[in-house]
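Here are my notes for you to read alongside the structure. Keep the 3D view open and look up each residue as we go.

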Amino acid sequence: MRIILLGAPGSGKGTQGPVLAKHFGATHVSAGELLRAQMTESTELGRLIGEYVRAGELVPDEIVFEVLWEPITSAAAGGGYVLDGFPRSLHQAELAFERALLAGVTADAVVYLAVPDDAVRQRLVSRAAREGRSDDLDPGVTERRLRVFHSETEPLLDFYRNRGLLVTADASAPPDDVSAAMIAALDGRSRPSAP
Ligand code: AMP
């Protein structure tokens, strides 16, 4: 199974990604984690990525593809992928679709974790206390990430809805309920329809 998870920062992608991956025997591929792993290396690439991540801006597409494409295709060659945080803009989605089509690894479904902005703000404050992520600490950065989500990532909802791939889950519910609702919706999609 190949799944794309969409949602604002703090919508629960990092929590639900591994749950979905386990359920479908796929690999959770987190764009944010892979980019943050590069930031811990003392390389020019890691330094550059850090500038964008700390500012709450999108890392340029060519860097994102350089870091993510290999993990995505290896996951696809195994039991599939659950992509968390990629694609994040229409341009990334179009490029990823073209490349995935060539490789025969396009997504089977897209799950949107819908959550109001105020819940995002509260969740990021608690995540900052729990995980100490510098991009969660600064309210200015949170607002920028929310703006980037609405302007760059939200248009993907129509892109995937038009392709018949979109499933929406109410992500303000407790995490176990969100997992159950997503899995039920995805299992429902993959069952052959009644005659
Ligand atoms: P996340 O852990 O998904 O919240 O991502 C943390 C940060 O990594 C984002 O605020 C961006 O700066 C960067 N990032 C993650 N995924 C992408 C992507 N697909 N394209 C560009 N930047 C990204």
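**Notes on the cavity, the ligand and the pocket**

1. Let's start inside. By class, 15 nonpolar residues, one polar and one charged make up the lining of the largest cavity. Keep in mind that you're looking at a predicted model.

2. How many cavities of 30 Å³ or more does a search of the whole structure find? Just one. Its volume comes to about 140 Å³. The lining has 17 residues, and the closest to the cavity's centre are Ile4, Tyr81, Ala96, Phe97 and Ala100.

3. Now see which parts of the chain build that lining. At least two residues each come from α4 (61-77), β3 (81-84), α5 (90-103) and α9 (155-162). Helix α5 gives the largest share, with four residues.

4. Next, find Thr106, which sits in the loop between α5 and β4 (109-114). Is Thr106 buried or exposed? Its relative accessible area is 18%, and buried means under 20%, so Thr106 counts as buried. Leaving aside residues up to four places away in sequence, Thr106 touches Arg2, Tyr81, Phe97, Ala100 and Leu101. You've met some of these names already: Tyr81, Phe97 and Ala100 are among the residues closest to the centre of the largest cavity.

5. On to the ligand. There are 16 residues around it, and the ones that come nearest are Glu57, Gly85, Arg88, Gln92 and Arg145. Two of those names have side-chain pairs worth clicking on. Arg88 has a polar side-chain atom 2.9 Å from an oxygen atom of the ligand, while Gln92 has one 2.8 Å from a ligand nitrogen atom. With Val59, look at the backbone instead: a polar backbone atom there is 3.0 Å from a nitrogen atom of the ligand.

6. Finally, the largest pocket, which holds about 970 Å³ of space. It is lined by 47 residues, and the closest to its centre are Gly10, Lys13, Arg127, Arg133 and Arg145. Arg145 should ring a bell, as one of the residues that come nearest to the ligand.

7. Which elements line this pocket with at least two residues each? They are β1 (3-7), α1 (13-24), α2 (31-39), α6 (117-131), α8 (139-153) and α10 (175-190). The largest share, six residues, belongs to α6.

8. One last thing to look at is the mix of residue classes in the pocket lining: 19 are nonpolar, 15 polar and 13 charged. Set that beside the cavity lining, with its 15 nonpolar, one polar and one charged residues.

Notes. Residues numbered from 1 in each chain as written. Predicted model: local features only at pLDDT ≥ 70, side-chain atom pairs only at ≥ 80, totals over all residues. Heavy atoms only, no water. 1 Å grid on protein atoms, 1.4 Å probe; cavity = no way out; pocket = protein on both sides within 12 Å on 5 of 7 lines; lining within 4 Å. Points joined across faces, edges and corners; volume = space filled by probe spheres on them. Nonpolar A, V, L, I, M, F, W, Y, C, P; charged D, E, K, R; others polar. Buried < 20%, exposed > 50% of the residue type's maximum accessible area, 1.4 Å probe, protein only. Contact = heavy atoms within 4.5 Å. Near = heavy atom within 4 Å. Polar contact = N/O pair within 3.5 Å; in protein donor to acceptor, adjacent residues only side chain to side chain.
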